[in-house]
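Me: Could you walk me through how to read pockets and ligand sites in a model like this one?

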Amino acid sequence: MSHPGYPPPEEGLRRLQAAAAAPAPETVPLDAALGRTLAAAVAATRPQPPFNRAMMDGYALLAARTPGRFPVRSLAAAGGRSPAVPPGSAARILTGAPLPAGTDTVVEQEAVTLEAGNPPVAVVARAVAPGRNVGRRGQEWEPGDLLLAPGQRLGPLEVGLLAALGRDPVVVAGRPRVALVVTGDELAPPGRDPGPEGIWDANTPLFSALVRRYGGEVGCTIRVRDDPAAVEQALETARAARPHLILTTGGVSVGDRDYVIARLRAAGRLLFWRLDLHPGKAVAGAVWGDTPVLALSGSPGAALMGWFLVGAPLLVGLQGGRLPQRTGEARLRAPFPKPTRETRYLRVRLQAGPAGLEADAALPQGSDLLTAYRQLDAFAVIPAGSPPLPAGTPVRIHYVPGLGREALTWGPPAHTTGPEA
Ligand SMILES: Nc1nc2c(c(=O)[nH]1)N[C@H]1C(S)=C(S)[C@@H](COP(=O)(O)OP(=O)(O)OC[C@H]3O[C@@H](n4cnc5c(N)ncnc54)[C@H](O)[C@@H]3O)O[C@H]1N2
Ligand code: MOO
């Protein structure tokens with residue numbers, strides 16, 4: 001069930017997605033690819049390993065000749081080419097070296113007695129199976145195998161995989177540029193005296209960091225007073241920076257000084273105002289000129305909900321990716337005493353209980369509070385219209401990439417097979 005009046009966050013996201021344009025892909029050195037999103041599929045051009053290779057230091061020979069005595073006349077080392085080995089002989093071989101022609105097996109040196117001489121002789125006392133200690137050509141991938149799809153966020157493992165595939169440079173999605181407009185008469189920059197009625201501006205640093213963490217770049221940041229002309233001017237300045245998204249905080253409720261929503265209504269095109277989301281229902285989507293705007297609440301705790309449910313998926317989507325939507329189930333550890341108007345996202349810790357996973361909501365739940373986000377494991381979703389709930393009520397758990405213990409990653413939208421790089 002959802003709130004009768006307000007669209008669910010996914011619908012807000014869809015409306016903004018329809019109004020937003022993705023940045024053009026770019027080619028970057030592999031060294032600069034960490035945290036970027038792949039823009040084209042990557043297929044192998046060679047087998048991996050590219051040749052049969054030694055997995056141990058020892059002696060390369062034909063297994064069919066074991067047990068036996070093998071004169072050692074050559075050395076095969078990684079990066080070198082070594083001559084074919086005549087039947088009945090062996091080559092000294094080092095880990096990573098291509099197997100010389102005429103051999104099919106590496107006997108590790110611990111299983112060999114080496115008799116000095118010219119040439120020395122490797123004595124193998126027991127029969128060994130062919131293929132022993134050999135990493136087989138194509139064992140990990142074959143040419144043409146698709147190993148990475150467009151939309152994949154490049155973490156360290158993906159960077160390593162691209163390197164093993166020989167890719168440098170790589171084609172990645174452009175970083176969506178975000179213009180940040182933070183409103184409020186009461187705001188002072190951290191590090192300055194805010195005065196007795198002022199507060200430090202948490203949102204500028206918080207949302208700048210989040211934008212970067214989710215693959216975007218911050219085109220400009222504007223802190224503006226609660227004044228209609230100043231807010232309008234700030235939105236114009238933000239738009240002039242040609243961002244892919246304008247992100248604002250504050251001024252989206254019904255107060256006399258909520259000028260962001262007033263200007264978006266009057267001079268922009270509103271896509272939605274309020275979502276079925278608590279905290280964070282005070283949120284708007286709009287288009288200013290031709291630029292999409294996500295207008296979040298000023299309360300950091302409420303604004304973060306809009307970020308995680310709308311802003312982050314929007315930004316990742318503009319890079320061609322999709323954030324994983326992992327869900328689960330748990331039971332409320334304690335009664336939840338209030339009725340729920342809009343769908344409520346309780347910030348919870350999860351712990352094992354006698355009857356399964358328990359959601360513990362004993363965190364600071366106020367919509368203006370930031371600290372719970374550092375302590376939570378997930379959101380527990382209470383449907384709109386729910387009465388107060390007794391302990392033990394089953395609730396849906398919504399895990400958020402980048403929060404709690406949930407890794408920040410994203411991947412291709414399901415079923416994509418994009419063009420090959
Ligand atoms: N009569 C009603 N009042 C309110 C409603 C309502 O429906 N009817 N909605 C409430 C809800 S829900 C929320 S959430 C807030 C949203 O308010 P705004 O988005 O207009 O935000 P502000 O009023 O500008 O600020 C709210 C709060 O957050 C502090 N703040 C603002 N900016 C920052 C910043 N950059 N860093 C740190 N803290 C910031 C600000 O000082 C306020 O305390 O409205 C309810 N009211
Ligand atoms: O946007 Mo408000 O958080 O629902 O308190």
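Reply: Sure, we'll take the pockets and then the two ligand sites. Keep in mind that this is a predicted model.

Me: How does one find pockets to begin with?

Reply: Rolling a probe the size of a water molecule over the atoms shows where empty space is left. Here, the largest pocket holds about 550 Å³ of space. Its lining has 29 residues, and Glu10, Leu13, Leu309, Gln325 and His398 are the closest to its centre.

Me: Which elements give two or more residues to the lining of the largest pocket?

Reply: Those are helix 1 (9-19), helix 6 (300-318) and strand 25 (394-398). By class, that lining splits into 17 nonpolar, seven polar and five charged residues.

Me: Where does the largest pocket lie with respect to the domains?

Reply: Look at who supplies the lining. Both domain 1 (9-23 + 175-318) and domain 4 (327-398) contribute residues, so the largest pocket lies between them.

Me: And what is the volume of the second largest pocket?

Reply: About 230 Å³. There are 19 residues in its lining, with Glu186, Leu187, Ile199, Asn203 and Gly298 nearest the centre. Strand 13 (177-183) and strand 15 (199-200) each provide at least two lining residues. The class split is six nonpolar, eight polar and five charged.

Me: On to ligand 1. Which residues come nearest to it?

Reply: Of the 22 residues around ligand 1, the nearest are Glu186, Asp201, Ala202, Asp258 and Arg274. Glu186 also sits among the residues nearest the centre of the second largest pocket. Strand 15 and helix 6 each give at least two residues to the ligand 1 shell, which divides into ten nonpolar, seven polar and five charged residues.

Me: What polar contacts should I look at there?

Reply: Go through the N and O atom pairs. A side-chain N or O atom of Glu186 is 2.5 Å from an oxygen atom of ligand 1. Asn203 has a polar side-chain atom 3.2 Å from a nitrogen atom of the ligand, and for Ser297 a side-chain N or O atom is 3.4 Å from a ligand oxygen. As for burial, ligand 1 alone exposes 870 Å², of which the protein buries 68%.

Me: Which residues are around ligand 2?

Reply: His278, Pro279, Gly280, Lys281, Ala282, Ala302 and Ser367. They divide into three nonpolar, three polar and one charged.

Me: Backbone or side chain: what does each contact with ligand 2 use?

Reply: Take them one by one. Gly280 places a backbone N or O atom 2.7 Å from a ligand 2 oxygen, and a polar backbone atom of Ala282 is 2.7 Å from an oxygen of ligand 2. Ser367 uses its side chain, with an N or O atom 2.8 Å from a ligand 2 oxygen.

Conventions. Residues numbered from 1 in each chain as written. Chains lettered and ligands numbered in written order. Predicted model: local features only at pLDDT ≥ 70, side-chain atom pairs only at ≥ 80, totals over all residues. Heavy atoms only, no water. Near = heavy atom within 4 Å. Polar contact = N/O pair within 3.5 Å; in protein donor to acceptor, adjacent residues only side chain to side chain. Nonpolar A, V, L, I, M, F, W, Y, C, P; charged D, E, K, R; others polar. 1 Å grid on protein atoms, 1.4 Å probe; cavity = no way out; pocket = protein on both sides within 12 Å on 5 of 7 lines; lining within 4 Å. Points joined across faces, edges and corners; volume = space filled by probe spheres on them. Helix = DSSP H or I, 4+ residues; strand = E, 2+ residues; numbered from the N terminus. Domains from an automatic or database assignment. Areas by Shrake-Rupley, 256 points an atom, 1.4 Å probe, with all protein chains shown as cover.
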